[in-house]
Structures are given as C-alpha cells and as structure tokens.
Amino acid sequence: MKRPVVFLVADKNMNEVFKAFLERDGFHHQLQCGHFDFNEKQDLFRHPRNDPGVYNEAHVFLAPYIETHERAVVVLDAAWEGGPKGGAAEIKSHIEEQLAKAWEKFKVIVIEPELENWMWITQEQPDRSVAVHQLVAESFKYRADQPLKEFLQEDDNWRDDTNKPRPPKEAVERVLRLTNTPRSSALYRKIVRSASVARCQDESFLELVEVLRDWFPPEWAQ
C-alpha cells in the first residue's frame, strides 16, 4: 500500500516548519481533515539546492516516490535570487507542468513572498483572548516596552493597514539583530508548535489546508 502523501520543501527552515506542523498532537482535528499517517523520514524531504532546485528539479526529485506515495506536495518561496520574473504564478505553473506528466494528485504551494510570512501569526490564549504576535516576540526574545509592531513601524516594515510586516523576512532579521538572537530553524519550529492554525490567514497556508481537507475528508480512513 502506498503512503498517503510526500512533501518536498525548499530549505531547512521550511522542513522544520512542516515537521513541527505535521507532528503536532491532533493537527488533523485542527485542520478538520481525516487522519493520515505522517513519518518525517519517509514523507518529508528538502531539496539540497533550495528554491532554485525545487523550481527546476521537483519532478526529478520526486520521481522515485511515484511508486511509494499516492500524492505529492511541493512548497517553495516566491522570492529568491534569480527567480522567474513572472513571480509566484510563473513558478507555480512551471512546476505543475512538469509534475502533471507523472503525478495524478499533487499540489504546488508558492509562499509569497517567503516562508517568514507564516511566522507572523496571532496567538490564541487559554481564555480565548488574542495576543497579537506575542508568540513571535517571545520566540525572538523581544522584551522591549515598545510593542513589536511599533518598533517595526519605525523603519516602515509595518503599515497600519496590514496585519503582518512587509517584507516579513526582513522584519524577522531586524528583530533578531536587536535581540542578538541567532537565526535558526528551532525558532520557526517553536512558533509553529504553539501557533493557532485557525488564525493563520496567509493565502498559501490556506491552500495547504484546503488540499489536505480535499484529499483527506473527515470520514477518510487509511
């Protein structure tokens, strides 16, 4: 019997995010999808050449898994050096065209502009109140009296009419420099393990949720 789904991601941070997300207790209930088996060593892989490697070689990398997996999910950033001028739409179309030659069920997710956009998530407290980006501030060891959003607004990283900073990666790096916190995949993993799935409204994340619900409806049984 084939395994349910194989995930190909672009880098170590993305790998840790998906690992943390798919290993959360009860994540199937949080997504409102059926239970499917996930094993990091069998089902989650990162391309050694990061985003360009995924863009050019996802179909080659995943070829051996056609015999072992029913479905494939490919994830990469939209913003990377030397990327197509057509941006996310061109990246998605190119990879889909290659995968469609061999895979019947697959999904290509392009995060705009990059993975860090998933990190800026509001956190739901036990009393159901919402701590806006408190989880991010705590993970990045930001302890200033000034709210994190106000700090980032000083250099135009965050406009009043948006719920996340732009660009998100630059904002992350700015906070880490301030707090002298080394950037590591462990930081991303910590945020994902505690973040409220329901409160992430990033379009690419919602694409992931939608396809998993479609492939594995609540009544689905492995």
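**Exercise 1. Is Ser139 buried or exposed?** Place the residue in its element and list its contacts too.

*Solution.* Keep in mind that the model is predicted.
- Step 1: Ser139 belongs to helix α6, which covers residues 134–139.
- Step 2: The relative accessibility of Ser139 is 2%. Buried means under 20%, so Ser139 counts as buried.
- Step 3: Leaving out residues up to four places away in sequence, Ser139 touches Leu187, Lys190 and Ile191.

**Exercise 2. Check the radius of gyration of the protein chain against the value for a compact globule.** Then describe the chain as a whole.

*Solution.* Start with the size and work towards the contacts.
- Step 1: For 222 residues, a compact globule would have a radius of gyration near 17 Å. The protein chain has 18 Å, so the value agrees with that expectation.
- Step 2: Along the principal axes, the C-alpha atoms fill a box of roughly 55 × 45 × 30 Å.
- Step 3: The secondary structure consists of 10 helices and six strands.
- Step 4: Of the 222 residues, 50% are buried.
- Step 5: Take the contacts between residues at least 6 apart in sequence; 71% of them join residues at least 24 apart.

**Exercise 3. Describe the surface and the charges of the protein chain.**

*Solution.* Two short steps are enough here.
- Step 1: The accessible surface comes to about 11500 Å², and 45% of it belongs to carbon and sulfur atoms.
- Step 2: There are 30 positive and 38 negative side chains. The centres of these two sets lie 4 Å apart.

**Exercise 4. With which strands does β1 pair, and in what sense?**

*Solution.* Look at the strand itself, then at its partners.
- Step 1: β1 runs over residues 3–9, and seven of its seven residues are buried.
- Step 2: β1 pairs with β3 (residues 69–77) in the parallel sense, over five bridges. Within this pairing, Val5 has Arg71 as its bridge partner in β3.
- Step 3: β1 also pairs in the parallel sense with β2 (residues 44–46), over three bridges. Here Leu8 has Phe45 as its bridge partner in β2.

**Exercise 5. Which residues is Asp77 in contact with, leaving aside neighbours within four places in sequence?**

*Solution.* Strand β3 returns here.
- Step 1: Asp77 is placed in strand β3.
- Step 2: With a relative accessible area of 7%, Asp77 is buried.
- Step 3: The contacts of Asp77 are Asp11, Met14, Asp51, Ile91, Val110, Ile111, Pro113, Glu114 and Leu115.
- Step 4: Pick Asp11 from that list: Asp77 and Asp11 are 66 residues apart in sequence, and their C-alpha atoms are 9.6 Å apart in space.

**Exercise 6. Sort Thr162 and Lys12 by their relative accessible areas.** Add a C-alpha distance for each residue.

*Solution.* Treat the two residues in turn.
- Step 1: Thr162 sits in the loop between α7 (148–153) and α8 (168–179). Its relative accessible area is 18%, so Thr162 is buried.
- Step 2: Thr162 is 11 residues from Phe151 in sequence, and the C-alpha atoms of the pair are 15 Å apart.
- Step 3: Lys12 is in helix α1, residues 12–22. At a relative accessible area of 47%, Lys12 is partly exposed.
- Step 4: Lys12 and Asp51 are 39 residues apart in sequence and 11 Å apart in space, C-alpha to C-alpha.
- Step 5: Not counting residues up to four places away in sequence, Lys12 touches Arg46 and Ser185.

Notes
Residues numbered from 1 in each chain as written. Predicted model: local features only at pLDDT ≥ 70, side-chain atom pairs only at ≥ 80, totals over all residues. Heavy atoms only, no water. Helix = DSSP H or I, 4+ residues; strand = E, 2+ residues; numbered from the N terminus. Rg over C-alpha atoms; globule rule 2.2 N^0.38 Å. Buried < 20%, exposed > 50% of the residue type's maximum accessible area, 1.4 Å probe, protein only. Contact = heavy atoms within 4.5 Å. Areas by Shrake-Rupley, 256 points an atom, 1.4 Å probe, with all protein chains shown as cover. Lys, Arg positive; Asp, Glu negative; His and termini not counted. Charge placed at Lys NZ, Arg CZ, Asp CG, Glu CD. Pairing = 2+ DSSP bridges.
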